[in-house]
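User: Hey, I've just opened this one and I'm new to it. Can you walk me through a few spots?
Analyst: Sure, pull it up and fire away.

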Amino acid sequence: MKKMKCKKCSQICVKNGKTQQGRQRYYCRLCKESQQAEYIYEACKTNTNSKLVKLLKEGCGVRSISRILDISPKTVNRRLLSISNDLRAPLIKRGNSYEIDEMCTYVGSKTKRRYIAYALDIKSKEVVSFVVGTRTKKTLEHVTSTVLLSNPKQIFTDKLNIYKSLLPEEIHCTKQYSINHIERMNLTLRTHLKRLNRRTICYSKSSLMLVACLKIYFWY
Ligand SMILES: [Zn+2]
């Protein structure tokens, strides 16, 4: 009989009873985890997380992902949260230039506007920091303070007054066309994330999920 190898560490597992459906369960002594050779339920299979992320980035909403992968919407949400929990923002390099901008979306209902403010490294096109909240000084400060920590060469923003009080004058630039990259990124985001699509019935029901999806989109 073929020996079952652990899906994480490839060690040989020992038999560990049967499931309710009568399938053999195995136990890895190294990882101290129980597993099956084959699963019936799609969500338990090993490549499900990467499929899920791919679909999310290709403009599928939670419900369409659930229909395509045959997983319940609740599980999709839970998975997205757990994937995003393991992600961290990239380390910021010193002396780079950044563009900062906000984009509008809704959370909870179409009457509740929320803003996604984020900073884009112009050279590497990497999002180094983002925040979801109202369009206030406190929210924007979260992004500007992270960027300022890295001793930036220049920061480009639109002409929103709040930025004047948050950024030192000598590195702050509000010239026309100076935030073209991030404006284009807004458009990409709106196309790729279903919940940010305009003129649809799709929007985030909770800011927790919105933050999770953005984290996955930016940093997975
Ligand atoms: Zn193992």
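**A chat about the zinc site, the sheet and the helices**

User: Let's start with Cys9: buried, partly exposed or exposed?
Analyst: Cys9 has a relative accessible area of 26%, so it counts as partly exposed. Keep in mind that this is a predicted model.

User: And Cys6, buried or exposed?
Analyst: Cys6 is buried, because its relative accessibility is 5% and the cut-off for buried is under 20%.

User: Okay, which residues are the protein donors of the zinc ion?
Analyst: Cys6, Cys9, Cys28 and Cys31, each through its SG atom. They lie 2.2 to 2.3 Å from the zinc ion.

User: How are those donor residues spaced in sequence?
Analyst: The pattern is C-x2-C-x18-C-x2-C.

User: What's the arrangement around the zinc ion, and why?
Analyst: It's tetrahedral, because the 4 donor atoms subtend angles of 106 to 116 degrees. For four donors to count as tetrahedral, all angles have to lie between 85 and 135 degrees. As a yardstick, the ideal angle for four tetrahedral donors is 109.5 degrees.

User: Switching topic: what's the strand order in the sheet?
Analyst: The order is S1-S2-S3, in an open sheet of 3 strands with antiparallel pairing. Strand S1 (14-18) and strand S3 (33-36) are the edge strands, each pairing on one side only. On average, neighbouring strands here are turned by 40 degrees against each other, ignoring direction.

User: How many bridges are there between S2 and S3?
Analyst: There are 4 bridges, with strand S2 (residues 24-28) and S3 pairing in the antiparallel sense.

User: Which residue in S3 is the bridge partner of Tyr27?
Analyst: That's Ser34.

User: Now helices. At what angle do the axes of H1 and H7 cross?
Analyst: Roughly 95 degrees, and the axes of helix H1 (residues 48-57) and helix H7 (residues 207-219) come within 10 Å. An angle of 65 to 115 degrees counts as roughly perpendicular, so H1 and H7 are roughly perpendicular to each other.

User: Which residues meet there?
Analyst: On the H1 side, Val53, Leu56 and Lys57; on the H7 side, Cys213, Ile216 and Tyr217.

User: Last one: where is Thr75?
Analyst: Thr75 is in helix H3, which covers residues 73-85.

User: Is Thr75 buried or exposed, and what does Thr75 touch?
Analyst: Thr75 is buried, with a relative accessible area of 11%. Leaving aside residues up to four places away in sequence, Thr75 touches Tyr41 and Ala43.

Key
Residues numbered from 1 in each chain as written. Predicted model: local features only at pLDDT ≥ 70, side-chain atom pairs only at ≥ 80, totals over all residues. Heavy atoms only, no water. Donors = N, O, S within 2.8 Å, 3.2 Å for Na, K, Ca; no water. Tetrahedral: all angles 85-135°; square planar, octahedral: opposite > 155°, others 65-115°. Buried < 20%, exposed > 50% of the residue type's maximum accessible area, 1.4 Å probe, protein only. Pairing = 2+ DSSP bridges. Helix = DSSP H or I, 4+ residues; strand = E, 2+ residues; numbered from the N terminus. Axes fitted to C-alpha atoms, helices over the stretch in contact; angles between N-to-C directions. Parallel < 35°, antiparallel > 145°, perpendicular 65-115°, else oblique. Contact = heavy atoms within 4.5 Å.
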